[in-house]
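Colleague: Could you take me through one part of this model in detail, choosing a single helix and describing its surroundings with care?

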Amino acid sequence: MKKHVLTAVCCSLMLLNVTALFAQGKVTGKLVDADTNEALIGAAIVVEGTSIGTITMIDGSYTLDVPAQTNTLQFSYLGYINQTKEIMVGDGQTKDLGVIALAPNTVGINEVLVVSAIARDRETPVALSNIKPQLIEEKMGSQEFPELLKSTPSVYATKGGGGFGDSRITLRGFDSNNIGVLINGVPVNDMESGKVYWSNWAGLNDVLHSVQVQRGLGASRLALSSVGGTKNIITIATEAEKGGSAYVGIGNDGRVKQSFTASTGLLDNNWAVTVSGARTQGDGYIKGTSFDAYSYFLNVSKIINDDHRISFTAFGAPQWHNQRGWKSSIETLRNHRDGKRYNPNVGVRDGKWYGAGYGYNEYHKPQMSLNHYWNINETMMLSTALYASFSQGGGRRMDGDGDVAVGPDGYRDFDTTIADNVASGTSNVVEGLSVNQHNWYGVLSTLTKTVGNMKITGGFDGRYYVGEHYKEITDLLGGQYFLDDNNVNRPDNTPLVEGDRYSYHNDGIVKWAGLFGQVEYTTEQYSAFLTATISHKNYTRIDYFNYTPDNQESESLGFTPWSVKGGFNYNINEKNNVYLNGGYFTRSPFFRTAYLNYTNEVNKDAKYERVLSFDLGYGYTSRRLNVKFGAYYTNWLDKGLVRTFYDPNSGDDFAANIPGLNALHTGVELEVTWKPINKMDVHGMFSLGEWIWQDDVDFTLLDDDQNVIGEYKAYLKDVHVGNAAQLTAAVGVNYEVLPKLKLGFDINHYGKNFADFNPVNRTDANDTSDSWQLPDATILDLNFRYGFKIGSLDASIYGNVNNLLNVDYIIDAEDGADHTAESALVYYGFGTTWATGLKINF
């Protein structure tokens with residue numbers, strides 16, 4: 001009997017245990033950013049000590065089944081400080097934890113975001129896409145920064161010639177000098193040309209925190225060259241927690257990378273320091289494009305008290321890389337033994353690949369800024385940034401009697417050229433560095449005042465820039481001296497040696513002073529903004545070669561561009577919203593357009609460029625689905641161009657001054673994010689543009705002495721704009737197939753892509769057809785990430801394969817005389833490339 005009783009008791013206890021084991025409750029809630037109150041998508045919620053967990057949905061919400069007992073929940077998201085919460089949940093009980101705010105793991109990042117004018121979904125009425133830290137880590141691989149944005153609507157990014165840092169990007173059909181680029185709120189577009197040379201920022205990948213692409217007029221308060229849109233780049237800041245990371249990686253064609261980041265965290269004395277450094281080197285996918293690149297980053301912050309904080313940031317990316325500067329015909333690439341990897345700008349010298357003209361670049365452009373953030377009171381903040389940039393470097397050129405000789409294999413024959421120079425004693429061909437360096441100083445001060453639902457912002461933007469441009473002999477290639485008579489202040493036939501300057505030497509001085517103001521009104525249902533800017537821009541050109549010392553300084557030119565823009569957003573309900581924005585701005589002509597043919601001669605036909613732009617959009621947000629749809633209209637009037645025209649009969653180059661170009665860019669954009677199940681994200685986008693030149697235009701051809709060669713008409717009316725795909729589409733899927741193992745693939749499609757062309761060549765009234773249209777292309781990329789522990793340290797292995805199917809496709813092209821594939825000059829996209837690496841956090 002006792003035996004049966006004992007058995008019954010044991011069975012009862014086992015039953016109670018089993019019942020307890022299967023007794024469950026639910027926990028629900030929402031995770032948001034503590035500074036911006038935006039939903040955190042894909043944040044992790046885990047029951048400590050178990051494998052029980054889930055992630056947040058598109059609206060930041062989550063539901064988690066937990067054992068009916070006391071549990072400790074951990075809430076985590078990349079770039080944020082983890083939180084833990086102990087809760088007791090009874091059997092069948094649902095406990096709503098409400099909104100939990102995770103603080104960014106950076107000191108004062110909210111002030112940086114405010115100054116950078118980061119837009120918010122369902123509040124800021126602009127078309128925007130966000131690139132978050134997790135995506136940057138998983139998708140970057142061996143890609144360059146512009147390519148990270150290729151799955152964003154209306155973005156077209158390519159590797160250009162294929163050299164390290166030589167990638168390019170367009171937005172809604174506009175290139176980098178028509179896209180406003182900000183790094184931590186500081187403008188970086190070149191003050192003379194408006195361009196952004198990505199090789200100067202090649203190390204930016206290693207210090208990225210996030211990127212926001214604002215298409216169209218955008219939310220920036222500054223007077224920017226944002227015809228196509230604005231890219232707000234936020235770098236890592238001072239980490240709030242002590243720690244760091246180390247990374248080692250390898251890739252195709254000898255690519256090797258090492259990087260590290262370390263932070264003191266916020267110390268007891270309220271100081272915090274973060275440092276980061278990286279080195280990347282390799283042989284390059286394209287023949288002869290070896291490179292060696294470094295990057296460094298330093299941020300020092302001090303919380304003085306509750307009202308004042310200062311932050312000093314310095315970063316740079318010194319590098320050298322061999323390049324491919326010229327496109328080739330499709331036939332040439334098909335017939336060459338190296339195929340699409342052929343590089344006509346390099347040869348072998350002393351047993352190593354060596355760049356000839358347009359085949360080598362070296363540059364270093366450090367940028368430093370000192371920021372002061374002052375919370376004057378609960379409703380007012382003043383932010384002031386003093387910044388400076390000092391650049392040096394340039395690109396290799398070959399001058400004299402052409403370039404280096406070409407051998408029978410199509411590569412440059414340095415031995416023959418050097419032998420010819422030795423035999424003649426004079427360097428008939430000389431190697432030089434085309435230097436383009438500058439000193440740039442700026443101050444940016446922003447005052448923000450909140451009055452109820454209204455935020456009023458005003459500020460000052462001051463800049464002073466001196467750009468120095470010259471060629472310097474770096475190698476006589478076997479000769480004893482080089483002759484160049486382009487300097488009127490030097491006797492003809494003066495022997496020049498290494499270190500001497502030749503061909504040209506001039507400075508460009510740009511002074512800028514601007515005021516900006518913005519009023520924002522925000523409620524739960526409505527939001528609106530109105531922004532106005534006015535600035536004064538002054539150009540002065542100093543030419544040391546074409547003029548004697550008494551008249552080397554040009555006439556100073558002053559321009560006063562202005563802008564006004566506004567927008568309205570209406571949240572119909574918690575899921576649906578619509579917005580509208582529009583604006584008009586004028587832009588002063590670029591430096592080269594203001595002065596003719598690289599002289600001090602003023603271009604009297606230079607006009608203010610004018611831009612009229614509108615956006616209309618709709619958004620839908622639910623727990624598992626986010627949809628953004630928009631349409632845009634951008635009318636660009638009086639665009640000015642100065643293009644070089646080569647006359648094959650005389651063999652001379654002439655300058656063509658083309659004023660008054662008008663282009664109309666319209667299109668639609670769709671972006672979708674979907675979470676069909678908790679462990680899967682699906683992202684899709686589609687954009688279709690119609691970008692055309694609106695008018696035929698008259699232009700004047702000038703010789704080097706500014707004499708008129710002739711008056712011509714460029715027949716451009718209804719011709720499609722070239723140099724970017726007007727149809728793009730993408731689908732990406734990320735899936736956690738096993739705990740800590742995440743796989744992803746991205747398919748990108750490019751179509752309706754017309755070859756770039758020079759308007760000067762469009763002088764035949766009977767030839768009004770489009771430039772050659774590149775074949776459509778569809779590319780598949782794969783990536784994976786596996787997280788694990790090394791002792792107590794978190795570690796991750798990353799892997800990326802781009803163009804998995806090794807598709808042959810043309811990514812860039814220049815139009816030929818008959819607008820066919822046979823006459824076009826092209827760059828092919830890369831074939832299959834790969835990269836893998838190990839990252840350890842400590």
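Modeller: A residue is called buried when its relative accessible area is under 20%, and exposed when that value is over 50%. With those cut-offs in hand, and keeping in mind that this is a predicted model, we can turn to helix α5, which spans residues 414–424 and has Phe414, Thr417 and Asn421 as its buried residues. These three lie on the same side of α5, because the arc they cover around the axis is only 70°. The face turned away from that buried side carries Asp415, Val422 and Ala423, which are exposed.

As for what the buried residues of α5 meet, they pack against four strands, namely β22 (346–349), β23 (352–355), β27 (392–400) and β28 (429–451).

The two ends of the helix deserve a look as well. At the start of α5, Asp413 places a side-chain oxygen within 3.3 Å of the backbone nitrogen of Asp415, and Asp415 is also one of the exposed residues on the face turned away from the buried side. Just after α5, the chain continues through Gly425, whose phi is positive, at about 85°.

Taken along its length, then, the helix has Asp413 in contact with the backbone of Asp415 at its start, a buried side formed by Phe414, Thr417 and Asn421 that packs against β22, β23, β27 and β28, and Gly425 with its positive phi just after it.

Note on methods
Residues are numbered from 1 along each chain as its sequence is written. This is a predicted model: local features need pLDDT of at least 70, side-chain atom pairs count only at pLDDT 80 or more; totals for chains, interfaces and linings use all residues. Side-chain values use heavy atoms; hydrogens and water are left out. Buried means under 20% relative accessible area, exposed over 50%, partly exposed in between (1.4 Å probe, protein chains only). The arc is that of the directions from the helix axis to the C-beta atoms. Contact means heavy atoms within 4.5 Å. A polar contact is a pair of N or O atoms within 3.5 Å; within protein, one must be able to donate a hydrogen and the other to accept it, and residues adjacent in sequence count only if both atoms are side-chain atoms.
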